[in-house]
Amino acid sequence: MEEKTGINFDRYDNIPVETSGRDAPPPAADFAGLNLPEVLNQNIQLAGYAKPTPIQKYTVPISIAGRDLMACAQTGSGKTASFLLPMITKLLGIEKPPPARKAYPLALILSPTRELTSQICNEAKKFCYLSGCRPVVVYGGADIRDQLRDLERGCDIVVATPGRLVDLIERGRMSLNRIAFLTLDEADRMLDMGFEPQIRRIVEGEDMPSHRNGSRQTMMFSATFPKEIQRLAADFLYDYIFLAVGRVGSTHENITQRVEFVDDHIKRDVLQRLLR
Ligand code: ADP
Ligand code: MG
C-alpha cells in the first residue's frame with residue numbers, strides 16, 4: 001500500500017535506538033511480530049502503515065508487557081501509534097463505562113495544543129474503528145458545551161490539553177478514577193507552556209489510580225530530557241524503561257553514537273570519565 005507521508009520510512013531502519021532499564025522486552029521486526037489483536041491489524045492496514053517505525057517496534061512490546069516507559073524521540077518518528085496501539089490493546093480487555101453525564105474514561109492522553117490533541121484524536125479514531133473504544137478530544141479556546149455533549153455520548157479515551165481537562169474535572173463532568181493508561185505526549189513542550197501545575201494536579205491531586213500498585217500504566221514522550229522532565233518521570237512512572245531514538249539522517253556513517261542514561265548526581269563523573 002502507498003505510504004501517505006513524505007517521510008522515507010526505509011531510512012528509519014538505520015537510526016539508533018537505545019533502551020535502558022530492567023528487563024526490556026525485545027523489539028519486534030514487523031507489525032505481525034507485535035502480535036496485536038486482529039481489529040488493530042486491520043486498522044493498521046487501513047491506515048496504510050506497511051511497517052512499524054523504530055520507536056513503534058520498541059515501544060509497543062514494552063507497553064504490551066505492562067511496563068512504564070519514558071521515550072525521547074524527535075517529531076515525525078511515529079510516536080502517536082506507538083502509544084495508541086498498546087493503549088487500545090489494553091482497553092479491549094476492559095469493560096467500557098456506559099455513556100453518562102459524568103465521564104469515566106479508561107485512558108488519558110495529555111498533549112500541549114489544540115492542533116496536537118486533534119491530530120492524536122483523529123489518529124485514535126482510525127485505530128479505534130470497529131474496536132468498541134470511543135475517543136473524545138477536549139481542548140481550550142473552543143465552546144465547552146459541544147465537547148460536553150460529545151463526552152456524554154461515551155468516552156473511553158480522552159485526548160486533552162491540561163487546562164481544559166482541569167476545567168471539566170472542576171465542573172464535575174469527568175472522573176479519572178478508572179484511568180488504566182496515561183500518556184503524556186510532548187511533555188517538554190507542555191512544561192515550556194507552563195502546564196506543570198495542571199499536569200501534577202491531574203496525575204497526583206485528583207482521583208487517578210496510583211501507578212505504584214500496578215493499576216495504572218504510564219508512558220511519557222519528550223524530545224528532550226531536562227531535569228524537570230526527569231523529575232516528572234521519577235514521580236509518574238514506576239520501574240520504567242528509558243528509550244532514546246536517534247535523529248533520522250543526523251548520524252554520520254563514521255560516528256558511532258552511544259546513548260547512556262545517567263542519573264543527575266553521577267552525570268559529572270560519567271562525563272569526566274568520557275573525557276579522559
Ligand atoms: P510524531 O508524533 O513522532 O511526530 P506521528 O505519530 O505524528 O509522529 O507520525 C508522523 C506521520 O507518520 C503521521 O502522518 C503518521 O500517520 C505517519 N506514520 C506513523 N507511523 C507510520 C508507519 N508505521 N507507517 C507509515 N506511516 C506512519
Ligand atoms: Mg506527535
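**Glutamine 56, ligand 1 and the fold**

Student: What does glutamine 56 touch, leaving out residues up to four places away in sequence?

Tutor: Glutamine 56 touches Phe31, Leu34, Tyr49, Pro61, Gly78, Ala81 and Ser82. A contact here means heavy atoms within 4.5 Å. Bear in mind that this is a predicted model, where local features need pLDDT of at least 70 and side-chain atom pairs count only at pLDDT 80 or more, while totals for chains, interfaces and linings use all residues. Residues are numbered from 1 along each chain as its sequence is written, chains are lettered from A and ligands numbered from 1 in the order in which they are written, and side-chain values use heavy atoms, with hydrogens and water left out.

Student: Why is glutamine 56 called buried?

Tutor: Buried means under 20% relative accessible area, with over 50% being exposed and anything in between partly exposed (1.4 Å probe, protein chains only). Glutamine 56 comes in at 2%, so buried is the right word.

Student: What makes the pair of glutamine 56 and glycine 78 a polar contact?

Tutor: A polar contact is a pair of N or O atoms within 3.5 Å; within protein, one must be able to donate a hydrogen and the other to accept it, and residues adjacent in sequence count only if both atoms are side-chain atoms. Here a polar side-chain atom of glutamine 56 sits 2.9 Å from the backbone oxygen of glycine 78, so the distance fits that cut-off.

Student: And which residues are closest to ligand 1?

Tutor: Tyr49, Lys51, Gly76, Lys79 and Thr80, out of 16 residues that surround ligand 1. To be near, a residue needs a heavy atom within 4 Å.

Student: Where does an oxygen atom of ligand 1 meet glycine 76?

Tutor: At a polar backbone atom of glycine 76, 2.5 Å away. Tyrosine 49 brings a polar side-chain atom to 2.7 Å from an oxygen atom of ligand 1, and for an N or O atom in the side chain of threonine 80 the distance is 2.6 Å. The protein covers 83% of the 560 Å² of accessible area that ligand 1 has on its own (Shrake-Rupley method, 1.4 Å probe; for residues, only the protein chains shown count as cover).

Student: Why does the radius of gyration agree with a compact globule?

Tutor: The rule is 2.2 Å times the number of residues to the power 0.38, with the radius taken over C-alpha atoms. For 276 residues that gives near 19 Å, and the protein has 19 Å, so the two agree.

Student: How much of the protein counts as buried?

Tutor: 48% of its 276 residues.
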